[in-house]
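Hi everyone, thanks for coming. I'd like to walk you through one structure today, so please have a look at it while I talk.

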Amino acid sequence: MTELYKNLIDGEWVGTDGVENINPSNIKDVVGVYARATVEETKQAIAAAKAAFPAWSRSGILERHAILRKTADEILARKQELGELLSREEGKTLPEGIGEVTRAGQIFDFFAGETLRLAGEILPSARPGIGVEITREPIGVVGIITPWNFPIAIPSWKIAPALCYGNTVVIKPADLVPGSTWAIVDILTRAGLPKGVLNLVMGKGSVVGQTMLDSPDVNAITFTGSVGTGRRVAEASIKVGRKFQLEMGGKNPTVVLDDADLKVAVESVAQSAFFSTGQRCTASSRVIVTEGIHDKFVEALAERARNLRVGDALHKDTEIGPVVDPSQLKQDTDYIEIGKGEGAKLLVGGDRVTRDTEGYFLQPALFTEATNSMRISREEIFGPVASVIKVKDYEEALATANDTEFGLSAGIVTTSLKYATHFKRNAEAGMVMVNVPTAGVDFHVPFGGRKGSSYGPREQGKYAAEFFTVVKTAYTAAG
C-alpha cells in the first residue's frame, strides 16, 4: 500500500483520505498519496497558529536562527533526493529540480541570517526630552497559498521570512504538487519548530483556500497564482481588513535589437520561453525583434527550438520536460490553435510528442508574423509557446514591450549601453534583464512586478520585511 502523507495541524500529522500525486512524465508512476484537509481541519490549523503566535512572536532570535539554519543545511544535503521528488511531481528537468531545491536551501540560509540582523531606528523627537523608537513586529497568522510551477522555491520564500520575523503559518500548497512542500514542512518540524507555529493543510482551493480566506483569524495572506484567484484573495481580504500580497500573471517581452549578439539573443530567448516547459510567470512569450536582425534571428531560434530534446524529466539528455497535467496541456494546444487562427505562422513545434512512457509531452512552439494585438501576444499561455513580433526600431520595440496589462519581467538583448540604460529606466516591469533570460532571479534580491502582475510589497531579500512585519513607532519621555 502506498504511504499516506498527512497534513500537519498543531504539531500532529493527521488525515485518513488522500489523492494520488501523479508523475507527468509517466502517468503510471504515483509519487505518493497526499491527504486532503477538510474545512474543519483547516479551521483547526488556523486556531493552532493563532494560539502559537504569542510565544513564537516573542521567541529568541537564536532559536529562530537555529531552526532556519538546520532547515537550510538539510535541504542542501538532500538536494539530489528532493530534486528528484520535485521533477517527478512537477515535470521540470532534474538539473532544474536540483537547482530549485538549492535555491530553497539558500533562501532558508538567508533568512536564518536575517533573524540576527533584525533592526530598527532610534530618532530624536521634535519635542525636547522625548525619544522615538521605530521597530518592526510580526503580523500574526500568515496564510500562504502557493502555485504548482515552483513547488519548493515559492513555499520557501514565503515560509522562511514569515517564521524569521516571528509569524505563525498556515500553508496550502498547489493541489498538483504537494510533495515538495510536505518535505519542507517535515524538515522544519524536525528542526525544532514548536507545535502550531507551522501548519500544513493540503487539498482543494475551494475547500482549504476558501476557508483561509473566510477566516478573520488569518491576519495576512501571501498568494502566488492566477489572476482570477488573486482577485478573489484581494476581495476577501479587503472585507476583513487583512493584509495581502499577490503575485500573478505575466506576458513578458524580450526585445532583440539589430546590434545584439545573435548567439546571446537566441540562447536568452530559448531559455526564457521554453525551459521549465515555459511554465514560469517570468517566461518570455513575446519576442520583439527589430527588422535588421529579424530574419537571421528567427532562423537561428527556429533551429534551436527544433532541436530541443523533449522527454522524461529524470532522463539526463532531456532539455524540456512534460507539461504538468492534461488541463495545462489542453490550454497550451488550444492557444496554439488560436494563434494559427489569428494568422500567426507556426514555424516550429506545437505537436504532442510520444515517448517510452505515457506523459504530457509537447514540442515547444514558435510563432512568427505575430502582432501585439493577437490573443497569443496578450494572454498568458503558461506553456512552451513563443511569438515573434517584428518592429521597425528601438522606439517601437519599447512601446510594444510596454503595451500589456502585465509588468513582471522584461528583457533586452543589445550591445548598446545607450539602449540598455534607456530600457532599464523605461521598461514598465518590476524586473529588467539585459542580455540574460527573463526567467532566472537570485534568492537575496526583491522579486515582483507592477500593473496586473503583482500587488503589495516585494518578495525575497530584505524587502520581504515590508510584508511580513508591521511598523511600530514608540515615544518615551526621558524624565
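**Pockets, domains and cavities**

Let me begin with helix H7, which gives the largest share of the lining of the largest pocket, five residues. Before I go on, please keep in mind that this is a predicted model.

How much space lies in that largest pocket? About 960 Å³. Its lining counts 38 residues, and those closest to the centre are Trp-148, Phe-223, Gly-225, Ser-226 and Thr-229. If you want to find the walls on your screen, look for helix H7 (205-214), strand S11 (220-224), helix H8 (227-240) and helix H11 (326-342), the elements that each give two or more residues to the lining. By class, the lining of this pocket divides into 16 nonpolar, 14 polar and eight charged residues.

Now, where does the largest pocket sit relative to the domains? The domain assignment gives us domain 1, made of 4-248 + 453-477, and domain 2, which is 253-434. Both domains give residues to the lining of the largest pocket, so the pocket lies between them.

That brings me to the interface itself. Taken over C-alpha atoms, the centres of domain 1 and domain 2 are 31 Å apart. On the domain 1 side, 23 residues are in contact with 27 residues of domain 2. Between them the two domains bury about 2100 Å², with 59% of that on carbon and sulfur atoms. Within domain 1, Ser-25, Trp-148 and Ser-453 lose the most area to domain 2, and together they make up 25% of what that side buries. You have met Trp-148 already, as one of the residues closest to the centre of the largest pocket.

How many salt bridges does the rule find across the interface of domain 1 and domain 2? Zero. A search of the whole structure, on the other hand, finds 23 salt bridges. One I'd like to show you joins the side chains of Arg-69 and Asp-73, at 3.3 Å from N to O. These two residues are four apart in helix H2 (residues 61-77), so about one helical turn separates Arg-69 from Asp-73.

Let's finish with the enclosed spaces. The structure holds two cavities of 30 Å³ or more. The largest cavity has a volume of about 90 Å³. Its lining has 14 residues, and Ala-283, Ser-285, Glu-380, Ile-381 and Phe-382 are the closest to its centre. Sorted by class, that lining has six nonpolar, five polar and three charged residues.

The second largest cavity holds about 60 Å³ of space. Which residues lie nearest its centre? Out of 14 lining residues, they are Pro-253, Ala-401, Thr-404, Phe-406 and Glu-428. Strand S13 (252-256), helix H13 (394-402) and strand S18 (409-413) are the elements that give two or more residues to this lining. Here the classes come to six nonpolar, five polar and three charged residues.

So, if you take one picture away, let it be the largest pocket, which lies between domain 1 and domain 2 because both give residues to its lining. Thanks for listening, and I'm happy to go back to any part of this.

Key:
Residues are numbered from 1 along each chain as its sequence is written. This is a predicted model: local features need pLDDT of at least 70, side-chain atom pairs count only at pLDDT 80 or more; totals for chains, interfaces and linings use all residues. Side-chain values use heavy atoms; hydrogens and water are left out. On a 1 Å grid over the protein atoms alone, a cavity is a set of points where a 1.4 Å probe fits but cannot get out, and a pocket is an open set with protein on both sides within 12 Å along at least five of seven lines; lining residues have an atom within 4 Å of a point. Grid points are joined across faces, edges and corners, and a volume is the space filled by probe spheres set on the points. Ala, Val, Leu, Ile, Met, Phe, Trp, Tyr, Cys and Pro count as nonpolar, Asp, Glu, Lys and Arg as charged, and the others, Gly among them, as polar. Domain bounds come from an automatic or database domain assignment. Contact means heavy atoms within 4.5 Å. Buried area is the accessible area (1.4 Å probe) that two parts lose on being put together, summed over both. A salt bridge is a side-chain nitrogen of Lys or Arg within 4 Å of a carboxyl oxygen of Asp or Glu.
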